Each structure stands twice: as C-alpha cells, then as structure tokens.
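Student: I would like to learn how to read a model like this one, feature by feature. Where should we begin?

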Amino acid sequence: MSTGPEVRVRAPGKINLALRVGPPDGDGYHPLATVFQAVSLHEDVIAAPALDLRLTVEGPDADRVPLDDSNLALRAARLLQERTGITAGAHLHIVKQVPVAGGMGGGSADAAAALLACDQLWGAGLDRTELVALARELGADVPFALTGLTAVGSGRGDVLTSAMVSGTYHWVLAVQDVGLSTPEVFAAFDDDGGRAAPAPHLDDALLAALRAGDPHEVARHLVNDLEGPALDLRPELRDVLAAADRAGALAAVLSGSGPTVAALAVDERHARSVAAVVREAEVARDVLVVSGPAPGARVLEHVSGG
Ligand SMILES: C[C@@](CO)(OP(=O)(O)O)[C@H](O)COP(=O)(O)OP(=O)(O)OC[C@H]1O[C@@H](n2ccc(N)nc2=O)[C@H](O)[C@@H]1O
Ligand SMILES: Nc1ncnc2c1ncn2[C@@H]1O[C@H](COP(=O)(O)OP(=O)(O)O)[C@@H](O)[C@H]1O
C-alpha cells in the first residue's frame with residue numbers, strides 16, 4: 001500500500017521497435033502494426049484527496065504541459081468519474097520525465113497512471129478489462145501504458161498482444177527541445193503516398209529476435225514508416241540518426257511520430273559510450289540511457305523520489 005492517503009502510480013514511456021502504418025480510415029485514423037517496448041523513463045502521478053479535480057506538474061518540460069481540460073491525466077480522471085458516478089475530487093501531481101510531444105507516449109502514460117491512481121484513491125474497484133476499455137477511449141497509446149513490457153499493437157495500436165522477450169535491451173535516447181505533432185506527422189505520411197499504403201504487416205523476424213534475446217538481430221529489424229515523413233518535417237533529425245550511427249549504435253530509429261531517436265546498444269556499458277559520443281555531437285537537448293522492457297502502470301509500494 002502507499003503511505004498516507006496519497007496514491008502514487010508509475011507508468012512507462014515507450015519506444016516503437018517497429019511501426020508499420022496503413023492508409024487512413026474514414027475517421028482519419030491509421031491502422032497500425034507495431035511493436036511497443038516500455039522503457040525505464042517513466043511518469044509518476046500522485047493522486048491526493050481534494051474537493052474537485054486539479055493538476056500540477058513538475059519536471060524539465062513542465063511548462064509545456066497543458067493544465068486545462070485537454071490534459072490527458074485530467075481527462076482520465078473525469079472519464080472515471082463519469083463512468084462510475086463518483087463525485088469525489090483529486091489533486092493530481094505529475095512528476096514528468098518523458099519528453100513532451102516526443103513520440104514516447106508521455107501523455108498516454110499520464111492518462112494510464114491517473115486512471116489507476118484515481119481508481120485506487122476513490123475505491124472504484126474497476127478490473128483490468130474495464131480500465132483498458134477506458135484507456136482506449138482516451139488515446140490509441142493509453143492501453144499500452146497500462147500493460148507495459150513488450151507488446152504487439154494492432155488496430156489503431158490499441159489492440160495488444162504480449163510479445164515473448166528474452167533479456168534486457170539498452171537504449172540511448174536523443175531528446176529534442178521542440179516536439180513534433182502526432183497528427184501533423186500522420187498527415188505528412190498521407191501526403192507522402194500513405195493514402196495508397198498497403199495494409200500494415202509486421203516482419204516475424206523482429207519477434208523471433210526478441211524471443212532469442214539477440215540485440216544485434218533486433219537492430220536489423222527496427223523500422224518506422226513515420227520516419228520519412230518526420231524527417232521531411234524536421235530534416236535536422238538526419239544528423240541525430242547519423243550521430244548515433246557514428247557513435248557505434250547497433251541501429252537507430254525514430255520513436256513513434258518523433259522527434260526522439262532511440263539507438264540500440266549491445267549492453268549498458270556500450271549504451272553509455274554511445275551516449276557520450278552522441279552528446280558530444282550536440283544534436284539533442286538531452287541524451288539518456290534507458291532500458292526495457294519496463295512494467296506497465298503500477299501502484300508504488302513505497303512513496304519515494306526515484
Ligand atoms: C504514433 C504513435 C505510435 O505509437 O505514438 P506517438 O508518436 O504519439 O507517441 C501513436 O500511434 C499515437 O498514439 P496517440 O498519441 O495515443 O494517438 P491519439 O491521441 O489516439 O491520436 C492522436 C492523433 O494521431 C493520429 N493517429 C493516431 C493513432 C493512429 N492509429 N492513427 C492516427 O492517425 C490521428 O491524427 C489522431 O488524431
Ligand atoms: N499529460 C500530458 N503530458 C504531455 N502532453 C499532454 C498531456 N496531456 C495532453 N497533452 C498534449 O498532448 C500532446 C502530445 O503529448 P505526448 O504524449 O507528450 O507526446 P507523443 O504523442 O508524441 O507521445 C502535447 O503536445 C500536449 O499538447
């Protein structure tokens with residue numbers, strides 16, 4: 001149990017190891033075939049009793065997080081209130097580490113964490129299936145933030161099947177100062193021929209390499225159909241990919257709709273050396289070393305700063 005009346009929930013950011021995108025449907029959404037991996041860069045949402053719903057945020061990108069009703073954590077808490085008829089409020093405090101609009105699903109992690117935290121705080125008692133159903137309403141990436149680990153996403157990325165994975169993967173993340181808008185990157189994909197794209201399909205070789213726990217083989221199969229459109233919108237990201245290559249990463253790929261670039265290393269020591277070289281290239285605001293797979297949204301046993 002958490003200490004005191006507060007509930008602290010941690011939810012992971014993600015990388016897309018493969019992101020295959022099909023042509024837009026009638027609603028403008030795209031069918032996806034993706035492999036998500038949750039990583040050790042995470043969001044904490046602390047929910048404390050309050051008369052109404054309110055939100056505060058801390059972290060390096062806090063000033064870029066909307067505090068109004070568009071915030072995904074607030075939307076999650078409101079949705080839970082509506083569906084359960086609960087009228088209690090909550091003060092949600094987000095400790096944000098995942099870059100905003102970085103292609104790492106930080107807002108989705110906040111939504112997943114807020115759902116679980118408010119469910120606990122209010123004693124709503126929703127089961128996992130009910131929480132996943134609410135998560136899907138909040139955004140395509142939100143169910144994965146609840147589930148975590150490594151999973152194949154189909155549909156809009158919200159229909160998940162867990163993937164069997166051996167070992168731990170060590171990633172170098174090159175984080176940018178200015179984010180990319182997900183709808184704009186999907187629109188650039190459409191304009192780039194995406195309207196005539198084939199149905200998305202995953203190469204079995206990536207899943208086999210993950211099962212075998214072979215980072216060299218995983219590296220050969222990292223792929224992202226949004227990389228071309230994102231590079232058209234942000235050509236300087238080519239310098240980031242090139243820097244990761246020069247630094248000796250096994251491979252580098254744009255995460256989701258970007259602009260974060262994820263570079264795969266052999267082990268933690270190799271990741272630290274790749275990170276040092278990418279940092280020297282001055283192509284990113286921050287260069288971080290993380291690992292995956294990480295667990296999905298969970299209540300922390302003990303409240304701690306880490
Ligand atoms: C691209 C991905 C890959 O994992 O990640 P991010 O780059 O956002 O982290 C996701 O599909 C993003 O998921 P998420 O950010 O939750 O999407 P939503 O809030 O549901 O939708 C935001 C917008 O993205 C576009 N969108 C999203 C999902 C999808 N399958 N097709 C789409 O076309 C739509 O334009 C939609 O209006
Ligand atoms: N809790 C939140 N944290 C970050 N961004 C949020 C949040 N709620 C809503 N947003 C909005 O969603 C946009 C994309 O969010 P984010 O999840 O950080 O990126 P991405 O979709 O690239 O993974 C932001 O630019 C912001 O306007």
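Student: From which domains does the shell around ligand 1 draw its residues?

Tutor: Keep in mind that this is a predicted model. To read a shell, list its residues and ask which part of the chain each belongs to. Here, domain 1 (7-162) and domain 2 (169-292) each give at least three residues to the shell around ligand 1.

Student: Which residues come nearest to ligand 1?

Tutor: They are G139, D141, R156, G256 and S257, out of 21 residues around ligand 1. Among the secondary-structure elements, β1 (7-21), β2 (32-50) and α5 (182-191) each supply at least two residues of that shell. The largest share, three residues, is from α5.

Student: How do the residues of the shell around ligand 1 divide by class?

Tutor: Twelve are polar, seven are nonpolar and two are charged.

Student: Which residues come nearest to ligand 2?

Tutor: Read that shell by the same steps. Of 20 residues around ligand 2, the nearest are L72, A101, G106, G107 and D110. Helices α1 (72-84) and α2 (106-121) each contribute at least two residues to the shell, and α2 has the largest share with four residues. By class, there are seven nonpolar, twelve polar and one charged residues. The shell around ligand 2 also takes at least three residues from each of domain 1 and domain 2.

Student: How far apart are the centres of domain 1 and domain 2?

Tutor: The centres, taken over C-alpha atoms, are separated by 22 Å. For the contact itself, count residues on either side: 29 residues from domain 1 and 40 residues from domain 2 take part. On the side of domain 1 that touches domain 2, β1, β2 and β5 (150-154) each supply at least two residues. The largest share of that side comes from β2, with eight residues. That side has 19 nonpolar, nine polar and one charged residues.

Student: What is the order of the strands in the open sheet of four strands?

Tutor: To read a sheet, follow the pairing from one edge to the other. The order is β9-β10-β7-β11, and the pairing is antiparallel.

Student: Why is one side of β9 and of β11 left without a neighbour in the sheet?

Tutor: Because β9 (251-254) and β11 (286-292) stand at the edges, each has a single partner strand. From one strand to the next, the twist averages 25 degrees.

Student: How many bridges join β7 to β10?

Tutor: Five bridges link β7 (residues 169-175) with β10 (residues 261-265), and the two strands run antiparallel. One position to find on screen is L173, which stands opposite A262 in β10.

Student: Which strands does helix α9 touch?

Tutor: For a helix on a sheet, look at the strands in contact and then at the angle. Helix α9 (residues 237-246) packs on the sheet and touches β7, β9 and β10, with its direction at about 10 degrees to that of β10. Helix α10 (residues 268-281) lies across β7, β10 and β11, and runs at about 15 degrees to β7.

Student: Which residues does UniProt list for the GHMP kinase C-terminal domain?

Tutor: An annotation is a record, to be set beside the coordinates. The unreviewed UniProt entry lists residues 206-281 under "domain: GHMP kinase C-terminal". In the model this span is 58% helix and 14% strand, with its end C-alpha atoms 30 Å apart. The annotation "domain: GHMP kinase N-terminal", also from an unreviewed UniProt entry, covers residues 71-148. Over residues 71-148 the chain is 59% helix and 9% strand, and 21 Å lie between the end C-alpha atoms.

Definitions and conventions. Residues are numbered from 1 along each chain as its sequence is written. Chains are lettered from A and ligands numbered from 1 in the order in which they are written. This is a predicted model: local features need pLDDT of at least 70, side-chain atom pairs count only at pLDDT 80 or more; totals for chains, interfaces and linings use all residues. UniProt positions are given in the numbering used here, feature names are shortened, and annotations may be inferred rather than shown by experiment. Two strands pair if DSSP finds at least two bridges between them. Axes are lines fitted to C-alpha atoms, for helices over the stretch in contact, and angles run from 0 to 180 degrees between N-to-C directions. Two residues are in contact if their C-beta atoms, placed from the backbone, lie within 7 Å. A residue is near a molecule or strand if its C-beta atom, placed from the backbone, lies within 6 Å of it. Ala, Val, Leu, Ile, Met, Phe, Trp, Tyr, Cys and Pro count as nonpolar, Asp, Glu, Lys and Arg as charged, and the others, Gly among them, as polar. Domain bounds come from an automatic or database domain assignment.
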